[in-house]
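Student: I would like a close look at one part of this model, with its packing and its charged side chains taken together. Please start from a single residue and work outwards.

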Amino acid sequence: MTSPADIAAPNFSWIDQPSQLAEVAKTLAAAPWLAVDTESNSMFVYRERMCLLQINAGDTLFVIDALALAMAAGDSASAALAPLKKALEATHRPLWVHGGEYDVGVFRRDFGIVLGGVWDSQQAASMLGWERTGYGAVVEKVCGVFLDKAYTQYDWGTRPLDPGALRYAVDDVVYLPKIAEELRTLIAAADLDEELAIANAAVAEAGWSGGYDPSGFWKIKGVRELQSHSQGVLAALYAWRDGIAKIADKPPGRIINNETLLYLARTVPTTFQLLKRSGVKTWLLTEQGEVLLKVIKDARSDTRPLPPRPRHREVAPEEELRETRLKDWRRSEAENRKVPLQVVLPARALENLKQFGTKDLNDVPQLGKKRMALYGWKLRELCDVTVPVEPTGETTP
């Protein structure tokens, strides 16, 4: 097994000036394929940002300082990568990614760029039934190279970047074309091109859902076991934490974690001494201890309604029956074909069939013509359910 340290560092161009982007765009437009990866700082700031953009354009490597370009663009930071938009959105050639949902969402959110030609090597490895589909594991299997994992939690907003971290980032697109080409060959041999194309289209449509939601406290484990007044305290603490995190530019969980919030809501401390026993960090007690006590006190007397609890759609009995039948059949068919479950029927298609049945298979997302031809008759049979009516116990005279 080879490590990157045994291989000469690849040559790449460092891009941190807007004036450099025109030449990058020209290279991207002429490349037969692109391999793309990004690095963000989600573990270190309140609102994550794309910090680094790595591109392999037909074996020409670029590492783009997205933070520097956004800073240079000022109020127009969303247009910082505008010169690359046309090339990145082109659909005539493949754009390799690995586990690309996050990257696709960040491009769309931060720069209004909708990546084109998306081909996700992690989706391909999953379709082939590989047990380990992370980038490092796939590179190891295909290329015989063991990638250093020391920078998986690196703060990519740091400048200057550690040389080892920079090498780690570049490697994410150095090996990606080779593993993608190998996987593409294996996918073709397994006759899974259409199934993978559908999965890649789903990756290309990925968006970003994040930001503060006042109702988010309902997702904290244990909230439903709290008494109603404690739920109100938790809601207030959740909102308070977000405000502090925004000011400090830190992830809310790094200010105070959910477990501590839940403990405070359950015990409702009224003194500084009781607050100290809760596990609140010393620096936070020093800076915000009195404020925190006031938030808890005010929440106990607040009679306003809580932010609404997320409502879950009621599932009809016929839907439950369809779901059971579809899942049992999918598992059996996957075992017979020796393929992963998603090859037979993707989760989104199953959910749609569960809800709506087979009124029109063309409307079922992520199903596709091949699956319709193979399984259309079976899906109609499975979805044609009649829920038995339980006897009421009454008799007719």
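Tutor: Start at Leu326. Setting aside residues within four places in sequence, Leu326 is in contact with Leu345, Leu350, Leu353, Lys354, Leu379, Leu382 and Cys383. This is a predicted model, and every value here is computed from it.

Leu326 belongs to the largest nonpolar core, which has 55 residues. Leu326 is among the residues with the most contacts inside that core, together with Val139, Trp156, Ile179, Leu345, Leu353 and Leu379. Helix H7, residues 163–174, gives the largest share of this core, six residues. A separate core of 33 residues lies apart from it and includes Val24, Ala25, Leu88 and Leu115.

Two of the contacts of Leu326 deserve a further step: Cys383 and Lys354. Cys383 has a relative accessible area of 7%, under the 20% limit, and is therefore buried. Cys143 is also buried, at 17%. A disulfide is a covalent bond between the sulfur atoms of two cysteines. With a cut-off of 2.5 Å between cysteine sulfur atoms, the count of disulfides is zero.

Lys354 counts as buried because its relative accessibility is 8%. The side chain of Lys354 meets that of Glu323 in a salt bridge, at 3.8 Å from N to O. This pair links distant parts of the chain, with Glu323 in helix H15 and Lys354 in helix H17 (residues 347–356), 31 residues apart. Both residues belong to a network of salt bridges that links Arg313, Glu319, Glu323, Lys327, Glu351 and Lys354. Within that network, consider Arg313 and Glu319, whose side chains form a salt bridge at 2.9 Å, N to O. Arg313 is partly exposed, with 41% relative accessible area, whereas Glu319 is buried at 8%.

Helix H15 covers residues 317–337, and Glu335 lies in it. Glu335 is exposed, with a relative accessible area of 54%. Its C-alpha atom is 13 Å from that of Leu128, although the two residues are 207 apart in sequence.

The search of the whole structure finds 21 salt bridges. Another of them joins the side chains of Asp110 and Arg109 at 2.6 Å, N to O. Asp110 counts as buried, with 12% relative accessibility.

Glu39 is a useful contrast. This residue sits in strand S2, residues 34–40. Glu39 is buried but has no salt bridge, and the nearest side chain of opposite charge, that of Arg159, is 10 Å away. The side chain of Glu39 does make a polar contact with the side chain of Trp156, at 3.5 Å. Trp156 is one of the residues with the most contacts inside the largest nonpolar core, which brings the account back to the core that holds Leu326. Beyond four places in sequence, Glu39 touches Arg49, Met50, Cys51, Leu52, Gln54, Trp156, Tyr168, Ala169 and Asp172.

Gln54 also appears around Phe62, in strand S4 (residues 60–65). With neighbours up to four places away left out, Phe62 is in contact with Ser13, Ile15, Val24, Thr27, Leu28, Leu53, Gln54, Ile55 and Ala57. Phe62 counts as buried because its relative accessibility is 7%. One of its contacts, Val24, is among the residues of the 33-residue core.

Terms used: Residues are numbered from 1 along each chain as its sequence is written. This is a predicted model: local features need pLDDT of at least 70, side-chain atom pairs count only at pLDDT 80 or more; totals for chains, interfaces and linings use all residues. Side-chain values use heavy atoms; hydrogens and water are left out. Helices (H or I, at least four residues) and strands (E, at least two) are DSSP runs, numbered from the N terminus. Buried means under 20% relative accessible area, exposed over 50%, partly exposed in between (1.4 Å probe, protein chains only). Contact means heavy atoms within 4.5 Å. Lys and Arg count as positive and Asp and Glu as negative; His and the chain ends are not counted. A salt bridge is a side-chain nitrogen of Lys or Arg within 4 Å of a carboxyl oxygen of Asp or Glu. A polar contact is a pair of N or O atoms within 3.5 Å; within protein, one must be able to donate a hydrogen and the other to accept it, and residues adjacent in sequence count only if both atoms are side-chain atoms. A nonpolar core is a set of buried Ala, Val, Leu, Ile, Met, Phe, Trp, Tyr and Cys residues joined through side-chain atoms within 4.5 Å.
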